[in-house]
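Subject: Handover of a structure and what was found in it

Dear colleague,

Please find the structure below, together with its sequence. I would be grateful if you would keep it open while you read the notes that follow.

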Amino acid sequence: MTARSPFSRLVVVERTGSTNTDLRRALTGPDGGLDPVASARWPHLSALRARTQTAGRGRADHVWTTPATGALTASIVVRPLVPHTRLHWLPLLAGLAVARALAPRLSGSGWNTATKWPNDVIALPGPATCAPAAVPGWGSSRKLAGVLTEMVTPGARGPVPTGAAVPASRDAAVAVIVGIGVNLAQDAQQLPVPWAASLASLGAADTAAGPLLDDCGRSLAELVSLWESVGGDPDAGDGALGRQLRSACATLGQAVCVNGPAGEVAGVAVDLSPGLVLQVGDGAGARRIEVTAGDVTAVREQN
């Protein structure tokens, strides 16, 4: 007996350019807003998976192309019942969902999963694992997966609403497309960058895409439900969701450099808000700043 699917609808295609792009086109009307008729066809927790993706997109328009076999590429429609002002937590929740789905597949391999702000899922060698050669900015960590979230507003083309009210229904909520790309069975020659790894390259025996997508969906559904129960604020209630997000994030506690739209800033990553909070400087002159976007690389501490 197989476990029940976590998806309200799942469509699998052999080949496409980008599952995120396909879903955005399917959901939007001529004014660029959410099409009510199309919305009914793609309800909350519906998903589109492509066995091959030829023009996948990452954050900052990075291109991600997958081979005919060896990777999971899918996008999930989420309509969170949380205030619009809280939606920026969703990429971190999605990353945690993927990290949790991947963790059992690396059991016994000596590798552990974690998140890397803002949208990566990485593997970290355990204490008894022979760490691979360090890669500048990444050390011994390796990227296993990436997440890309894109919002489709209910109304006409324009800015996302900023109200603090919870949507009255899923139909009235902003649709967020959660794109997921996971390296499953690629060998070293198929991986795009030196700091990437696949499940197979780290010693995982289970690299099946379908069951992994189901596990990602279950984990995402559980986290979104918990997020909704605290009004979209992970630190509300007993703060359990906020603690889970922070404990999973390997970026926290590291000296990092963030290359963002406003230039480079260096500091120690100390918190998630959901932007990355950096402590810059030492002593009386130390200050905290929040970075909301950018590429993060680790900085070697000076003795």
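I begin with a single pair of residues: G146 has G181, in strand β9, as its bridge partner. Please bear in mind throughout that this is a predicted model. The two strands concerned are β8, residues 142–152, and β9, residues 175–183, which pair in the antiparallel sense over 8 bridges.

**The chain as a whole**

The chain contains 5 helices and 14 strands. It has 303 residues, of which 48% count as buried. Among the contacts with a separation of 6 or more, 66% are between residues 24 or more positions apart.

**The open sheet**

Strands β8 and β9 belong to an open sheet of 7 strands. Reading across this sheet, the order is β1-β2-β5-β9-β8-β7-β6, and the pairing is mixed. Which strands lie at the edges? They are β1 (9–16) and β6 (111–116), each of which pairs on one side only. On average, neighbouring strands of the sheet are turned by 20° against each other, with direction ignored.

Helix α1, residues 19–27, lies across several strands of this sheet, namely β1, β2 (46–53), β5 (71–78), β8 and β9. The helix runs at about 25° to β5.

**The edge strand β6 and residue W111**

Edge strand β6 pairs with strand β7, residues 120–125, in the antiparallel sense over 6 bridges. Within this pair, the bridge partner of T115 is V121 in β7. A hairpin of 3 residues joins β6 to β7.

One residue of β6 that you may wish to locate is W111. Is W111 buried or exposed? Its relative accessible area is 10%, and residues under 20% count as buried, so W111 is buried. Leaving aside residues up to four places away in sequence, W111 touches L106, A123, L124, P125, G126, T129, P132, S140, R142 and L202. Several of these partners can be placed in strands already described: A123, L124 and P125 fall within β7, and R142 falls within β8. W111 also illustrates how positions distant in sequence can be related in space: W111 and L199 are 88 residues apart in sequence, and their C-alpha atoms are 9.9 Å apart.

**Helix α3 and its two partners**

I turn next to helix α3, residues 90–102, which packs against helix α4, residues 209–229. The angle between them is about 135°, and their axes are 8 Å apart. Why are the two helices described as oblique? Angles over 145 degrees count as roughly antiparallel and those from 65 to 115 as roughly perpendicular, so the angle of about 135° leaves α3 and α4 oblique to each other. Their crossing is right-handed.

On the α3 side, the residues that meet α4 are L90, L93, A94, L96, A97, V98, R100, A101 and L102. On the α4 side, they are L212, D215, C216, S219, L220, L223, V224 and W227. The residues of this contact divide into 14 nonpolar, 1 polar and 2 charged.

Helix α3 also packs against helix α5, residues 240–248, at an angle of about 65° and with the axes 10 Å apart. That angle makes α3 roughly perpendicular to α5. The crossing of α3 and α5 is left-handed. Here L92, L93, L96 and R100 of α3 are in contact with L241, Q244, L245 and A248 of α5. These residues comprise 6 nonpolar, 1 polar and 1 charged. You will see that L93, L96 and R100 of α3 appear in the contact with α4 and also in the contact with α5.

**Strands β10, β11 and β12**

Finally, I draw your attention to two hairpins that share strand β11. Strand β10, residues 255–260, and strand β11, residues 263–272, pair in the antiparallel sense over 6 bridges. N259 stands opposite E264 of β11, and 2 residues lie between the two strands of this hairpin.

Strand β11 is joined in turn to strand β12, residues 276–280, by 4 bridges, and these strands run antiparallel. V268 stands opposite Q279 of β12. The hairpin formed by β11 and β12 has 3 residues between its strands.

Yours sincerely,

A colleague

How values were computed
Residues numbered from 1 in each chain as written. Predicted model: local features only at pLDDT ≥ 70, side-chain atom pairs only at ≥ 80, totals over all residues. Heavy atoms only, no water. Axes fitted to C-alpha atoms, helices over the stretch in contact; angles between N-to-C directions. Parallel < 35°, antiparallel > 145°, perpendicular 65-115°, else oblique. Left-handed = near helix turned anticlockwise from the far one by under 90°. Contact = heavy atoms within 4.5 Å. Nonpolar A, V, L, I, M, F, W, Y, C, P; charged D, E, K, R; others polar. Pairing = 2+ DSSP bridges. Buried < 20%, exposed > 50% of the residue type's maximum accessible area, 1.4 Å probe, protein only.
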